[in-house]
Amino acid sequence: MSAFTSLPGFRDFYPETFAVRAHIMGVWRETARRYGFEEYDGPPLEPLELYIEKSGAEIVRQLYNFTDKGGREVSLRPEMTPTLARMVGARARALRKPVRWFSIPQLFRYERTQRGRLREHFQWNVDIVGEDHVLADAEVLAVALDALRLLGLTAEDVVARVSDRRILERLLLHAGVPADQLPATYAVIDKLGREDEGRIRERLHEEAGLAAETIAEIFRIFGYGSFEELASAYAGVDGLAEEIDRLAEYFEHLNAMGFGDFVRFDPTIVRGLAYYTGIVFEVFDRAGELRAICGGGRYDNLLRALSDVDLPALGFGMGDVVLAELLADRGLLPTYAPRLDYYIVAIGDGERPLALNLARRLRGAGFSVAYGLRPAGVGRQFKDADARGAERVIVVGPEEAAAGEAIVKEMRTGAESRVPLGELVP
Ligand code: HAM
């Protein structure tokens with residue numbers, strides 16, 4: 001029989017890789033706590049219907065869907081946002097608004113596996129429901145950036161590229177994109193940077209039916225180096241001034257929160273998912289070597305589409321895969337080593353009950369304790385203690401036991417002392 005392996009795009013988490021995941025998730029949870037977000041979760045399997053149309057064609061192609069034994073069309077969750085919208089929608093009247101919730105679901109997408117893209121990943125979702133003020137938009141990006149900062153990354157390592165679908169929509173309409181071709185146009189623009197520019201121009205023509213001069217105008221829009229230049233070049237476009245003012249306010253809030261260096265306006269950011277309606281962003285490594293670390297934005301119509309209530313909403317998802325790659329690259333991952341507070345060495349079988357009693361008391365006091373699970377020589381037991389990262393070894397032997405004592409050895413210094421049994425548990 002040949003040995004089994006995991007499926008392509010799925011990971012085994014051996015303790016040293018699990019430690020990386022735990023480190024990242026620990027920082028995600030801590031950051032969410034600092035910003036006053038509450039944790040929630042939903043089912044990993046949902047009705048297929050939840051993802052059709054609302055999320056967009058790309059994610060639907062990647063669904064892990066099947067018919068269950070009861071004949072229901074179901075799918076593993078490819079993202080958390082529809083579940084969140086459904087859950088908040090169902091209890092909206094009772095919940096204090098704005099709702100500030102976070103979750104760390106494992107998500108499943110049948111993607112072409114490549115660097116930074118697997119078929120399962122963990123994604124930190126942070127969302128606010130029930131607030132349309134632009135300060136909420138600044139708040140969610142601040143949460144994402146603060147977590148990255150807490151992980152040790154700086155504005156030299158990562159950048160948040162920000163745009164606003166309302167601004168882009170007005171500019172695209174002005175450039176001659178027909179209103180019904182906006183979704184197709186966004187889907188192609190989303191591939192900029194990942195696909196050759198010539199190919200993007202062809203696709204804008206083939207998939208969105210755009211005329212050559214419209215495509216040229218779109219690239220002129222994308223050519224503006226700064227927010228201010230673009231704003232003044234198109235100041236006359238109907239309704240644009242108001243949208244520009246809101247985005248300017250957003251940048252002011254982020255400056256005041258200390259994240260000015262991390263953010264940059266980039267009109268080519270549209271996001272691949274269909275439901276976004278306002279400010280959108282993606283966080284990338286500055287060097288531009290990796291896929292997006294994080295993406296999100298405002299989706300004011302999704303609750304109305306998936307529930308009985310109509311509430312504005314916004315948030316982001318940050319994946320663990322690209323983030324772990326970037327942290328490893330920058331030497332920001334903690335080195336892994338197993339550790340124990342105590343290892344108990346029993347000299348002979350006669351000391352076993354005493355050793356077990358001692359272990360019980362130490363564990364009861366909150367310490368981590370291990371010992372050999374079969375009789376072995378003292379040297380062997382010490383070797384095991386060392387390999388398991390024990391800080392201290394307690395040796396119980398017949399003479400010490402008779403004297404009501406044990407020997408405690410500090411493994412780092414080698415210092416040994418005799419301690420009365422009653423004083424072993426601090
Ligand atoms: P998304 O851009 O599809 O957004 O995913 C967010 C992040 O999850 C990506 O930037 C990436 O780091 C990670 N990610 C996505 N797919 C994969 C994959 N196949 N392998 C590894 N990592 C991946 C969403 O899912 C939105 N629902 C986020 C959101 C929450 N928007 C508002 N609230």
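These are short legends for close-up views of a predicted model.

**View 1. The shell around the ligand.**
Start with the residues that line the ligand: there are 26 of them. Glu79, Thr81, Glu111, Asp127 and Tyr276 come closest. Sorted by type, the shell has ten nonpolar residues, ten polar ones and six charged ones. Some of the strands contribute here too: strand 7 (120-129), strand 11 (294-298) and strand 12 (313-319) each put at least two residues into the shell.

**View 2. Polar contacts to the ligand.**
Zoom in and you can pick out individual atom pairs. The side chain of Asp127 brings a polar atom to 2.8 Å from a ligand nitrogen. The side chain of Gln123 has an N or O atom 2.9 Å from a ligand oxygen. With Ile293 the backbone does the job: one of its N or O atoms sits 3.0 Å from an oxygen of the ligand. How much of the ligand does the protein bury? On its own the ligand would expose 660 Å², and the protein buries 96% of that.

**View 3. Glu282 and its surroundings.**
Look for Glu282 in strand 10, which covers residues 279-285. Is Glu282 buried or exposed? Its relative accessibility is 9%, and buried means under 20%, so Glu282 counts as buried. The Glu282 side chain makes a polar contact of 2.8 Å with the side chain of Arg271. Leaving aside residues up to four places away in sequence, Glu282 touches a whole set of others. Among them are Val159, Ala160 and Arg161, along with Asp190 and Ile269. Ala292, Cys294 and Gly295 are also on the list of residues that Glu282 touches.

**View 4. Arg72 with Asp68.**
The model has 37 salt bridges by count, and this view picks one of them. Arg72 and Asp68 pair up through their side chains, with 2.8 Å from N to O. What about their cover? Arg72 has a relative accessible area of 51%, and the cut-off for exposed is over 50%, so Arg72 is exposed. Asp68, at 19% relative accessibility, counts as buried.

**View 5. Arg149 with Asp146 in helix 4.**
Here is a salt bridge within a helix: the side chains of Arg149 and Asp146 meet at 3.0 Å, N to O. How far apart are Arg149 and Asp146 along helix 4? They are three residues apart in this helix (residues 134-150), so about one helical turn separates them. Arg149 is partly exposed, at 36% relative accessibility. Asp146 counts as buried, with a value of 19%.

**View 6. Glu391 with Arg339.**
This salt bridge joins the side chains of Glu391 and Arg339, at 3.6 Å from N to O. The two partners come from distant parts of the chain, 52 residues apart. Glu391 belongs to strand 15 (residues 390-396), while Arg339 is in the loop between helix 12 (320-329) and strand 13 (340-346). Glu391 has a relative accessible area of 27% and is partly exposed. Arg339 is partly exposed as well, at 47%.

**View 7. A network of salt bridges.**
Finally, here are salt bridges that share partners. Which residues do they join into one network? The members are Asp164, Arg166, Arg170, Glu243 and Arg246.

Key: Residues numbered from 1 in each chain as written. Predicted model: local features only at pLDDT ≥ 70, side-chain atom pairs only at ≥ 80, totals over all residues. Heavy atoms only, no water. Near = heavy atom within 4 Å. Polar contact = N/O pair within 3.5 Å; in protein donor to acceptor, adjacent residues only side chain to side chain. Areas by Shrake-Rupley, 256 points an atom, 1.4 Å probe, with all protein chains shown as cover. Helix = DSSP H or I, 4+ residues; strand = E, 2+ residues; numbered from the N terminus. Nonpolar A, V, L, I, M, F, W, Y, C, P; charged D, E, K, R; others polar. Buried < 20%, exposed > 50% of the residue type's maximum accessible area, 1.4 Å probe, protein only. Contact = heavy atoms within 4.5 Å. Salt bridge = Lys/Arg side-chain N within 4 Å of Asp/Glu carboxyl O.
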